Protein chains: 2
Amino acid sequence: MQIALLGGTGDIGEGLALRLARDTDHQVIVGSREAGKAEAAADEYEAALADRGHSDDIEAAENATAAADADVVVCSVPAYYLSDTIEAVADDLADTVLVSPAVGMQRDESGVGYNPPGVGSVTALAAAVAPDDVPVVGAFHNLAAARLSTLDADLDWDVPVVGDDAEAKATVSELTDDIDGLRALDAGGLDNASEVEAVTPLLINLAANNDGMHDLGVKFW
Amino acid sequence: MQIALLGGTGDIGEGLALRLARDTDHQVIVGSREAGKAEAAADEYEAALADRGHSDDIEAAENATAAADADVVVCSVPAYYLSDTIEAVADDLADTVLVSPAVGMQRDESGVGYNPPGVGSVTALAAAVAPDDVPVVGAFHNLAAARLSTLDADLDWDVPVVGDDAEAKATVSELTDDIDGLRALDAGGLDNASEVEAVTPLLINLAANNDGMHDLGVKFW
């Protein structure tokens, strides 16, 4: 499959690009609002992989071009850019599964709190903004970007996946399981996304408050 | 310490009573609205422990009496009984730490959703109802009652602990760490309780949607 990572130049996009390229047979396309930034990031990721003996090809394109070529589009941008990013590529999302990993959070004196949009979750917002015929799947919300993009770090994390389209959810779950150390779990429909997203501020608070804990993920058993 | 488990005759109370009695040196007092029900449960727990070679004494009392004798009072009742239960024992809570493990949830066609009260979390509600001089700590929200009360089941779960009183939080964290297979983690202040509570419906949805998963807890790393 072709996997486009919109906003793939930073944060969660970098880690997903590196690990999808290294661990799977899928073609990664790094997207950005500027093609030049996407190309620079793709070159950097290829170099990081080459340093570790992996010769993976990572493509690069402006977001809309990346989306048009992809079977799965991961909208790996901060929550407050989500609507604009999806609207900018909406005409290019035919026959695509759209994946939303973003979480709305707000920091105050007591730490980080979950701060979802009015529709209940960022994942639900992605579904509201996306064209009606594009299935939206929530996944990758609870991955610590810094550890994900550290290729030498082994993962052993669960990825709760939510969505109302069973086929799209299965596609994203298989993609997740293809990454070493990630296990996709079915967390229900889009209505259940807020409970998944709320784990992310909890992870940040736990890392801030407990000595020796940082870049946390989660495992359910 | 003396640990009173209000509503200790069922659900999370049973598991905490059994494991606190077996794994720690603390005195467990099972509380109930009816002393007779508390006594029957305590006898049952002692018998279950004796079956496994443990001769632990578990006391029993009506909730208010149990609370009056305790250093730590765990309000292990369902969320919708929380206010009434705390108000009924409020005059007996001197020099006590009050622990709230309850979570507000609502089931609909898409699974179980987090459904906090207006003050933001059940833990915050406990703090609002408790007397001003009684510190409230949130803990034990994410423990699957069925596995907790199965003495032969090994645990390896994390317990996010929230509270605004550092001393009270330390007391509850130590108590948690005394139970084999539980690790207390500092999840911040009472304002951060909702993110902890929201994990519970996620655990229920994951158990419902994934083959072979049931009675789930969580581990952060």
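**Two chains and how their elements pack**

Chain A is superposed on chain B by a rotation of 180 degrees with 0.0 Å of shift along its axis, at an RMSD of 0.0 Å, the fit being by least squares on the C-alpha atoms of residues with pLDDT of at least 70 in both copies. This is a predicted model, in which local features need pLDDT of at least 70 and side-chain atom pairs count only at pLDDT 80 or more, while totals for chains, interfaces and linings use all residues. Residues are numbered from 1 along each chain as its sequence is written, and chains are lettered from A and ligands numbered from 1 in the order in which they are written.

Q: As by what kind of axis are the two copies related?
A: Two copies of a chain are related by a rotation about an axis and a shift along it. Here the rotation is 180 degrees and the shift is 0.0 Å. The copies are thus related as by a two-fold rotation axis.

Q: Which residue of chain A comes closest to the rotation axis?
A: Strand β11(A) is joined to β11 of chain B (residues 218-220) by three bridges, and the two run antiparallel; strands are DSSP runs of E of at least two residues, helices are runs of H or I of at least four, both numbered from the N terminus, and two strands pair if DSSP finds at least two bridges between them. In this pairing, Lys219(B) is the bridge partner of Lys219(A). The residue of chain A that comes closest to the axis, at 2.6 Å for its C-alpha, is Lys219(A).

Q: Which element gives the most to the side of chain A that touches chain B?
A: The interface brings 30 residues of chain A into contact with 30 residues of chain B, a contact meaning that the C-beta atoms, placed from the backbone, lie within 7 Å. At least two residues each come from β7 (111-114), β10 (182-188), α8 (193-197), α9 (199-209) and β11 (218-220) of chain A. The most, seven residues, come from α9(A).

Q: How are α4(B) and α5(B) oriented to each other?
A: The axes of α4(B) (residues 82-89) and α5(B) (residues 122-129) come within 10 Å and cross at roughly 30 degrees; axes are lines fitted to C-alpha atoms, for helices over the stretch in contact, and angles run from 0 to 180 degrees between N-to-C directions. Angles under 35 degrees count as roughly parallel, over 145 as roughly antiparallel, 65 to 115 as roughly perpendicular and the rest as oblique. Leu82(B), Ser83(B), Ile86(B) and Glu87(B) of α4(B) meet Val122(B), Leu125(B), Ala126(B) and Val129(B) of α5(B). The two helices are therefore roughly parallel.

Q: How are α1(B) and α2(B) oriented to each other?
A: Helices α1(B) (residues 11-23) and α2(B) (residues 35-51) pack with their axes 10 Å apart, at an angle of about 50 degrees. Ala17(B), Leu18(B), Ala21(B) and Arg22(B) in α1(B) meet Tyr45(B), Ala48(B) and Leu49(B) in α2(B). The helices α1(B) and α2(B) are therefore oblique.

Q: Which are the edge strands of the eight-stranded sheet of chain B?
A: The sheet is open, with mixed pairing, in the order β3-β2-β1-β4-β5-β8-β9-β10. Strand β9(B) (residues 157-163) pairs with β10(B) in the parallel sense over six bridges, and the bridge partner of Val161(B) in β10(B) is Asp186(B). The edge strands, each pairing on one side only, are β3 (58-62) and β10 (182-188) of chain B.

How values were computed. Contact = placed C-beta atoms within 7 Å.
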